[in-house]
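I opened this one to see what sits around the ligand and how the helices pack. My notes follow in the order I looked things up.

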Amino acid sequence: MKKVQQHYDEIADVYDERYDGRRGRYYHGHIRDHVMRNLPKGGFLLDVGCGTGLFVQRYVEEGGRAVGLDVSQGMVRHGRGRCPDCGFCVGTADALPFVDGSFDALASLLAFSYIPDPEAALRECYRVLAPGGRIAVCTLSRTVFTSIVPLVYRISERIGLRGVGMGDFDEHYYTNAEMARLFRDAGFEDVTISRCSFAHLTLVEPIFTLARKVEPFIEKRLPYLAYNVCASGKKPEN
Ligand SMILES: C[S@@+](CC[C@H](N)C(=O)[O-])C[C@H]1O[C@@H](n2cnc3c(N)ncnc32)[C@H](O)[C@@H]1O
């Protein structure tokens, strides 16, 4: 965990550049759309692993209120800059500093794979959600493409290549079945699992444009080729 925190502290000042260009904006926007679709609008949201507040901003733009939590002080600082009227705090997903039933909605984008104890994190998410509250998590999925990423990152680290998210962080690439089991074991009902993202921001043109065109087809018909898995659920009413 210390290593992930250090990494994001170090790259916090350049993190947003990753999602600034045409491909980055599309890639992250597409993930935000997927997550937003599974949450109530206009509620009170906690974003776990909020980074620089990209989803916090989106939730607020749709009429809600939001709090972001992240293990990296540097990322939280940028979140505060982006959304000065929202609450941000430094903390870890498996020990959320909020009282039971505080939130109507809980989101986590591209952060869950880093969490060393996903069961504990989901127990905490469940605890801080109000009865009837909804959770949506989008994270790295296990696919034919992503199975070699940890090895690539390990090699990059050895030869000193640096970049956002590049490193050997012991991150976990989830299958649909793993996410469904974790959500159900945590007590969530109405659990749905989908895949998103085929047009990855690292693809070069014209492959990116082509991937974007076929993305809806991939997500629907060949979902095991999409890069991220999105899980959603609901805390029972009582
Ligand atoms: C790839 S970034 C995603 C940030 C943001 N959610 C987004 O979509 O832009 C991953 C974030 O997860 C945070 N993170 C990693 N492990 C965490 C943990 N155990 N608890 C809270 N945040 C964590 C990192 O500090 C980093 O800001």
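**Sorting rule first.** Before counting anything I fixed the classes: Ala, Val, Leu, Ile, Met, Phe, Trp, Tyr, Cys and Pro go down as nonpolar, Asp, Glu, Lys and Arg as charged, and the others, Gly among them, as polar. I also noted that this is a predicted model.

**Ligand shell.** I listed the residues surrounding the ligand and got 21, with Y8, G49, G51, L109 and A111 the closest. By class, I put 15 of the shell residues down as nonpolar, five as polar and one as charged. Then I asked which helices supply at least two residues each to this shell. I found α1 (2-18) and α3 (54-61) there.

**Record check.** I looked at UniProt, where an unreviewed entry puts "domain: Methyltransferase type" at residues 46-136. In the model I get 32% helix and 31% strand for residues 46-136, and the C-alpha atoms at the two ends of the span are 11 Å apart.

**Helix pairs.** For packed helices I want two numbers, the angle between the axes and the distance between them.

*α1 and α4.* I started with α1, since α1 is in the ligand shell. Helix α4 covers residues 73-82, and I find the α1 and α4 axes 7 Å apart at an angle of about 30°. That angle makes the two helices roughly parallel, because anything under 35 degrees counts that way. On the α1 side I wrote down Y8, D9, A12 and Y15, which meet Q73, G74, M75, R77 and H78 of α4. I sorted this contact into four nonpolar, three polar and two charged residues. Y8 turns up twice in my notes, here in the contact with α4 and among the closest residues to the ligand.

*α2 and α3.* Next I took the other shell helix, α3. Its axis comes within 11 Å of the axis of α2 (residues 22-37), and I get a crossing of roughly 55°. So I call α2 oblique to α3. I noted the crossing as right-handed. H28, R32, V35 and M36 from α2 meet L54, F55 and R58 from α3. I count four nonpolar, one polar and two charged residues in this contact.

*α5 and α7.* How close do the axes of α5 and α7 come, and at what angle do they cross? For α5 (residues 118-128) and α7 (residues 176-185) I have the axes within 9 Å and a crossing of roughly 50°. This pair is therefore oblique. I have the crossing down as right-handed. The residues I see meeting are P118, E119 and L122 from α5, and L182, F183 and D185 from α7. I put four of these down as nonpolar and two as charged, with no polar ones.

**Backbone oddities.** My last look was for exceptions, since most residues other than glycine have a negative phi and most peptide bonds are trans. What sign does phi have at L110? I get a positive value of about 55°, although L110 is not a glycine. I located L110 in the loop between β4 (103-109) and α5. I also found a cis peptide bond joining E205 and P206, with omega about 0°. P206 is in the loop between β6 (189-196) and α8 (207-221).

How values were computed: Residues numbered from 1 in each chain as written. Predicted model: local features only at pLDDT ≥ 70, side-chain atom pairs only at ≥ 80, totals over all residues. UniProt positions renumbered as here; feature names shortened; annotations may be inferred. Helix = DSSP H or I, 4+ residues; strand = E, 2+ residues; numbered from the N terminus. Near = placed C-beta within 6 Å. Axes fitted to C-alpha atoms, helices over the stretch in contact; angles between N-to-C directions. Parallel < 35°, antiparallel > 145°, perpendicular 65-115°, else oblique. Left-handed = near helix turned anticlockwise from the far one by under 90°. Contact = placed C-beta atoms within 7 Å.
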